[in-house]
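Reader: I have just opened this structure and would love a friendly tour. Could you walk me through it, one question at a time?

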Amino acid sequence: MSTTFAPTADANLVEVRNVKHVYGKGGGGAGLLVLEDVDLTLRPNEIVGLLGRSGSGKSTLLRAISGLIRPTSGTVLVQDMPGDDTAHGVAMVFQSFALFPWLTVLQNVELGLEARGVPADERRTRALAAIDLIGLDGFENAYPKELSGGMRQRVGLARALVVQPSILLMDEPFSALDVLTAETLRTDLLDLWVEGRMPIRSILMVTHNIEEAVLMCDRILVFSSNPGRVIAEIKVDLPQPRKRLDPAFRALVDDIYARMTARTAAQPVRDGAFPGLGLGMALPIISTNTLAGMIEALAAAPNDGKAELPVLASELMLEADELLPIAETLQLMRFAEIEGRMIRLTPVGRRYAVAEVDARKQLFAQQLLAYVPLAAHIRRVLDDRASRQAPARRFRDELEDFMSEDYAEETLDAVITWGRYAEVFAFHEDADRFSLEDPG
Amino acid sequence: MTFLQPDRMNAGLLIRYARRRFAPNRADIIALLLIAGAAVLVTQAARTMGRPLTGLNVAPISLNPINLPMYAALTTLRMFAALACSLLFTFVVATLAAKSKKAELVIVPALDILQSVPVLGFLTFTVTFFMGLFPGNEMGVEAAAIFAIFTAQAWNMAFSFYQSLKTLPEDLDEAARQFGLSPWQRFWKLELPFATPALVWNTMMSMSGSWFFIVASEAITVGKTTVALPGIGAWLSVANERGDGWAVLWAVITMGVVIIIYDQLLFRPIVAWADKFRAEQTASQDPPRSWFYDVIKRMRLLPRLVQPMTVALGRLPAPQAPRIRLPEINNPAIARGLDWLWLAVVIGMALWGGWAVVIFVTRTLTLGDAVQVFGLGALTLARVLILIAVASVIWVPIGVWIGLRPIWAERVQPVAQFFAAFPANVLFPAVVGVIVALHADPNIWLSPLMILGTQWYILFNVIAGAAAIPNDLKEAASMFHVRSWQWWRTVALPSIFPYYITGALTASGGSWNASIVAEVVTWRHQNIEAAGLGSYIADATSAGDYPKVALGIAVMSIFVILLNRTLWRPLYGFAARRLHL
């Protein structure tokens, strides 16, 4: 039932070999490794999904294939041509739609044709045909700001299809849409694809939504994050149209969840969930309310202290890439443990769940100082100083020895949020200083 | 610095009700008449400009009101000629700065300094150059005047365009690259449209700013050279010399009419049209409107006449700039070396320039002069700061009061903007008459003139800020009975602060510029003078003492830059960081 692995005479549409990409300055430690040793093959007649969390470099890979960026090393071949030379074989659909607000729907769709010097009459005919195909008739003269999100993304699709690319690249095309609109658009796109009405040979899409990937793709490449690597390749053999409630569908979604957290289980070092060690650990900004909410949800019935991550995700209505950083932060502070796709509260976590506000803060402070090295470090510096004050600049500089400026900022912000909640130190935004003063 | 548009609610309010009165077909006639009239005026004016220089002496400025329309047309023509140059300058220089790191290194600081150099400074040094360019022809003086107006317009426009280019939305940039737009297509489809709203606003501000120097640039006196170009500026200068109050009044009325005409017929339609270029994906709540824009949109005949032209233009082959592919430097060490080399060259040139100025100035001046000029600068600085403070105390409460009442705001806002555009210096002589009559101390009473024209920036920005206070904040404040001083401290002042800073910054820059014309005023062959850097430069200019002018201008630039860096920029940063809603 799979068309994917049928041996075909056709050449591969895209071949990516050993691609590595570093953002920022190469050489020194300041660069951020986003892709490492990535291989990918796109064959004719398939939809391939790149699935991963934010920071897994999947969008970067898509941009390397589209020719928007050139990877630091490795080769990208699109229809046997170098990747940065392929404006003609690929077209891209953007997460934010990327429509020109000052051009009408028709002018937006004509954009790519005009760039290629297609004569005005032919441009018009072809654009109208694409608009018709994608279900936008009647909106030709509208400006993007007059359209709903779903209609805007249809314009984005029509604009990509009208240049008749062999390969359609889609960068999280439905993630800026509400659930219902996204579902309609997915179904419409799949219908067009199955009926062969689009002038394309294959689709490569980036997503962080596991169900979306299972729903649409023939093959899914699962990426790890920091740095992005392909950690699994999963063939989806379910017949179209696929049903979300089909047990086989659910089993596959669960399986992918397990694989996305697999690295955590494979590595006994618990701190390893976040890149870097000790002070150099890059932390995500997660609100303490979110952490508390997750602990409570885990402690409450029917979970009773442990849950499967996919189940928890659908219970809390979170996407995998939203849920996992929260779970991993809990694990870092030993409020919970992750094993495979199970997450389980530790005794401290259980105590936190039933405690009052002040007791919660004390528990949080204790775990924060014990397991988040940066928080402990800031506190130690403040304790040592007679003034009980220290400029934030100093810690930012220290962090920048380990990571890029943006990550340093984010990590410091995360620790500030947690430290303020736990009342282990105060931070003054105006003066950009930490202090030990207790506002009482 | 570029000017931020405080709001768009005021566009075309004055004559909004007039929109429905024009039937579609009459619209064509109106537009055609206007265009024809403009064409006649332009040809007439152009013929005048090409006259030999002796013509100026044969036909001196006559204070007969019959001549005023012609003078007004000539002045406006000069301003638009300068505007065309400014736009060209903007597109070339700002694009260069945004695209090339090496050019950016030179252009951005240069623009920053140029916009703090008083406009008259450019005039003093260039008039002889331009007169030499067209010997014996009026065109040379015209070019000098147009150049002076250009220097009052270009810098903030270029800055605005540069900033737009540097903040292009990333997704649109990627889409443009992914679909393979050529640089030419990219400019027209992405860069220019995105930059348009800010550029239009800055162009309007530039026009307002350049009115201020019309008098100075049309009646040029540098040492022994005195030339008066026919125009409103020269008319005013003659009227002031003779002390003819009626002539001044006539000129004021004419200027008002001219400003209203080009505002209604040119800028408002452009603002209304430019609204579609705002990059937000949501439709604006209160789109700017213009009756004349509606007239244009309703025309039936004109679009048909214009269409063949636009089609023909579209068919023109895009200028295919030869794609120069410089050999890519893959070795980071060499690339960095080249960057350092370039930096060294730039610094070297700058040092050489500074040295040249020092040599030029020290030929006749001593260190004592420099100390004296810095002292005068401190005097003018004190004036500027005190005046801004006084104007703030007056206009902030009034502006907040107006801004909270939408009906009033809608009425007052265009008037405030009109006053900001109006060259306040035409009223100076009248004030001087009063000072002379009362034997008041010019050191104090000449000062308010500096802010006469620029205080309106504070007013209309504060109005815009108060009008933008979110309703929920106002409701919360009234629910908790937050009143009087607490209300000002917690609601009003923080909300308007970012707007106020924009206004005060503009007013401060304008006041420095104005000091040159405000600290020395002539009325009926009488010179009244206040001690300060402005009067120092003005006196040196009329004496033709170039080293003194150079010294004065350099010192003033230093003062303006220091004030911007130490006061306004930090406040701006604070406003953006803490008080952004």
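Author: Gladly! Let us begin with a term: a residue counts as buried if 20 or more other C-beta atoms lie within 10 Å of its own. Keep in mind, too, that this is a predicted model.

Reader: With that in hand, what share of the residues of chain A count as buried?

Author: Chain A has 440 residues. Its secondary structure comes to 15 helices and 16 strands. With the cut-off of 20 or more other C-beta atoms within 10 Å, the buried share of chain A is 40%.

Reader: And how many helices does chain B have?

Author: Chain B is 581 residues long, and 41% of them are buried. Among its contacts between residues at least 6 apart in sequence, 80% join residues at least 24 apart. Its strands number four, while its helices number 24.

Reader: Which helix gives the most to the largest nonpolar core?

Author: In general, nonpolar side chains in soluble globular proteins tend to be buried together. Here the largest nonpolar core has 261 residues, and I65(A) and V462(B) have the most contacts inside it. The greatest contribution, 16 residues, comes from residues 138-166 of chain B, which form helix α6.

Reader: Back to chain A: which strands stand at the edges of the four-stranded sheet?

Author: This open sheet has the order β2-β1-β4-β5 (chain A), and its pairing is antiparallel. A strand with a single partner has one side left without a neighbour in the sheet, so we look for the strands with just one partner. They are β2 (32-42) and β5 (81-82) of chain A.

Reader: Which helix packs on that sheet?

Author: The helix touches β1 (14-23), β2 and β4 of chain A. Its direction makes about 120° with that of β1(A). It spans residues 58-66 of chain A and is helix α1.

Reader: Which residue is the bridge partner of V78(A) in β5(A)?

Author: Strand β4 (residues 73-78) of chain A runs antiparallel to β5(A), and two bridges join them. Within β5(A), the partner of V78(A) is M81(A).

Reader: What is the average twist from one strand to the next in the six-stranded sheet?

Author: This open sheet has the order β6-β7-β8-β3-β9-β10 (chain A), with mixed pairing. Its edge strands, β6 (90-93) and β10 (229-235) of chain A, each pair on one side only. From one strand to the next, the twist averages 20°.

Reader: Which residue in β8(A) stands opposite L51(A)?

Author: Strand β3 (residues 47-51) of chain A and strand β8 (residues 202-207) of chain A run parallel, joined by five bridges. Opposite L51(A) stands T207(A).

Reader: Where the chains meet, which helix gives the largest share of chain A's side?

Author: Contacts link 19 residues of chain A with 20 residues of chain B. Chain A's side divides into 12 nonpolar, three polar and four charged residues. Its largest share, four residues, comes from residues 105-115 of chain A, helix α2.

Reader: How confident is the predictor, and over which residues of chain B does pLDDT stay under 50?

Author: The predictor gives the complex an ipTM of 0.74 and a pTM of 0.76. In chain B the mean pLDDT is 76, and 78% of residues reach 70 or more. Where pLDDT is low, the predicted coordinates should not be read in detail. In chain B, pLDDT stays under 50 over residues 7-28.

Technical notes
Residues are numbered from 1 along each chain as its sequence is written. Chains are lettered from A and ligands numbered from 1 in the order in which they are written. A nonpolar core is a set of buried Ala, Val, Leu, Ile, Met, Phe, Trp, Tyr and Cys residues joined through C-beta atoms within 7 Å. A residue is buried if 20 or more other C-beta atoms lie within 10 Å of its own, exposed if 12 or fewer, and partly exposed in between; C-beta atoms are placed from the backbone. Two strands pair if DSSP finds at least two bridges between them. Two residues are in contact if their C-beta atoms, placed from the backbone, lie within 7 Å. Axes are lines fitted to C-alpha atoms, for helices over the stretch in contact, and angles run from 0 to 180 degrees between N-to-C directions. Ala, Val, Leu, Ile, Met, Phe, Trp, Tyr, Cys and Pro count as nonpolar, Asp, Glu, Lys and Arg as charged, and the others, Gly among them, as polar. pLDDT is the predictor's confidence in each residue, from 0 to 100.
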